[in-house]
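Biologist: I should like to go through this model by question and answer. Please show the sequence and the structure before we start.

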Amino acid sequence: MLTLKARAKINLALDVLAKRPDGYHEVDMIMQSLELADGIRIEPAAELSVACDHPAVPGDERNLAFRAALLLRESSGITAGARIVIDKKIPVAAGLAGGSSDAAATLLGLNRLWKLEWSEERLAALAVRIGADVPYCLHGGTARATGIGEKLTPLAGPSDCRVLLVTPDVAVPTARIYQSLRLAEIRNHPRVDRLVQRLKWGAVAGIEADWGNVLEEAALPQFPVIAQVKELFGRFGLASLMSGSGPSVFALNPPAEAAAGLLARLPGNWFGCLTRFQAARNEQDASVK
Ligand code: ATP
């Protein structure tokens, strides 16, 4: 039996540069993985199956982990099965790439269980067919992602940074946010080159001068609760940014008192936690029993 961590990610920058004829968007993003993670357990079995303890996560081929398993089995030509069990800790449809991360961890786990010995590059070529964020999730850590999100440059990131994360109780469909984005009207683009320099120096203080997520402009009018979350961060003196297409919002290195005060004020059906930056995936993220 294999167990793996499937880490959540946040975007320290999310810029959209153009819309391609095939409907995908050209992006320029800085991704950062978090300690917050789903647990993925993979056991040998005759058939392929997936189970998840979260009611909003499907247990069939709509599940990204299951799609990853089917694709890998088909592409490698093997006939073995596996039982994949997801212990959901990452809020669902929250802009934290939970499904993409489950898919990436499944590819890594099955590569071991089925003794395929595929390289990370070969797995990444398969991963992009599942979703644009899945190649990033294979590697994790701090990275710049361009193209549709699949062209990755690993970055030096601060070795330690706390993250206050809040997800209000609303599911945001990523496709709807991208569709409603008016590229020519975007006012505030993140300064991605300057962010790369900041992260290289480990300088998180003042990062809000350069960070940004252009999807905030599209998401906030449609989901006013996201603006409420940002207002709440503001009341505690914290600069905040939406992750992905929302609705999750985060602040970096909050003073302990502000973090505790804000978490105590959250409605019971919202998710909130204090987590931290996670370095790129390593051997400790998987264990064999
Ligand atoms: P992204 O930021 O990559 O758009 P997200 O964090 O906003 O992703 P997910 O949590 O990945 O969103 O879920 C998006 C949708 O995918 C949900 O509606 C959910 O039903 C479906 N889904 C399929 N597989 C999974 C999975 N393993 N975990 C979570 N959601 C999944």
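Biologist: Which residue in β10 stands opposite M242?

Modeller: This is a predicted model, in which local features need pLDDT of at least 70 and side-chain atom pairs count only at pLDDT 80 or more, while totals for chains, interfaces and linings use all residues. Residues are numbered from 1 along each chain as its sequence is written. Two bridges join β9 to β10 (residues 249-252), and these strands run antiparallel; helices (H or I, at least four residues) and strands (E, at least two) are DSSP runs numbered from the N terminus, and two strands pair if DSSP finds at least two bridges between them. Within β10, the residue opposite M242 is V249.

Biologist: Which strands stand at the edges of the sheet, each with a single partner strand?

Modeller: The sheet is open and has four strands in the order β9-β10-β7-β11, with antiparallel pairing. One side of each edge strand is left without a neighbour in the sheet, because each has a single partner strand; these are β9 (241-242) and β11 (271-276).

Biologist: What angle does the direction of α8 make with that of β10?

Modeller: Helix α8 (residues 224-235) packs on the sheet and touches β7 (162-167), β9 and β10; contact between two residues requires C-beta atoms, placed from the backbone, within 7 Å. Axes are lines fitted to C-alpha atoms, for helices over the stretch in contact, and angles run from 0 to 180 degrees between N-to-C directions. For α8 and β10 the value is about 20 degrees.

Biologist: Which loop holds P247, and is its peptide bond from G246 cis or trans?

Modeller: The place of P247 is in the loop between β9 and β10. Most residues other than glycine have a negative phi, and most peptide bonds are trans. With omega near 5 degrees, the bond from G246 to P247 is cis.

Biologist: Where does the ligand lie with respect to the two domains, and why?

Modeller: The domain assignment gives domain 1 (2-156) and domain 2 (162-276), with bounds from an automatic or database assignment. Among the 22 residues around the ligand, the nearest are G98, G99, D102, T174 and G244, where near means a C-beta atom, placed from the backbone, within 6 Å of the molecule or strand. Both domains give residues to the shell, so the ligand lies between domain 1 and domain 2.

Biologist: Which element supplies the largest share of that shell?

Modeller: By class, the shell has eleven nonpolar, eight polar and three charged residues; Ala, Val, Leu, Ile, Met, Phe, Trp, Tyr, Cys and Pro count as nonpolar, Asp, Glu, Lys and Arg as charged, and the others, Gly among them, as polar. At least two residues come from each of α1 (64-76) and α2 (98-113). The largest share, four residues, comes from α2.

Biologist: At what angle do the axes of α1 and α2 cross, and is the crossing left-handed or right-handed?

Modeller: The axes come within 7 Å and cross at roughly 35 degrees. A crossing is left-handed if the near helix is turned anticlockwise from the far one by less than a right angle, and right-handed if clockwise. The crossing of α1 and α2 is right-handed.

Biologist: Which strand gives the most to the side of domain 1 that touches domain 2?

Modeller: The C-alpha centres of the two domains lie 23 Å apart. Their contact takes 24 residues from domain 1 and 31 residues from domain 2. On the side of domain 1, β1 (2-19), β2 (25-45) and β5 (142-146) each supply at least two residues. With eight residues, the strand that gives the most is β1.
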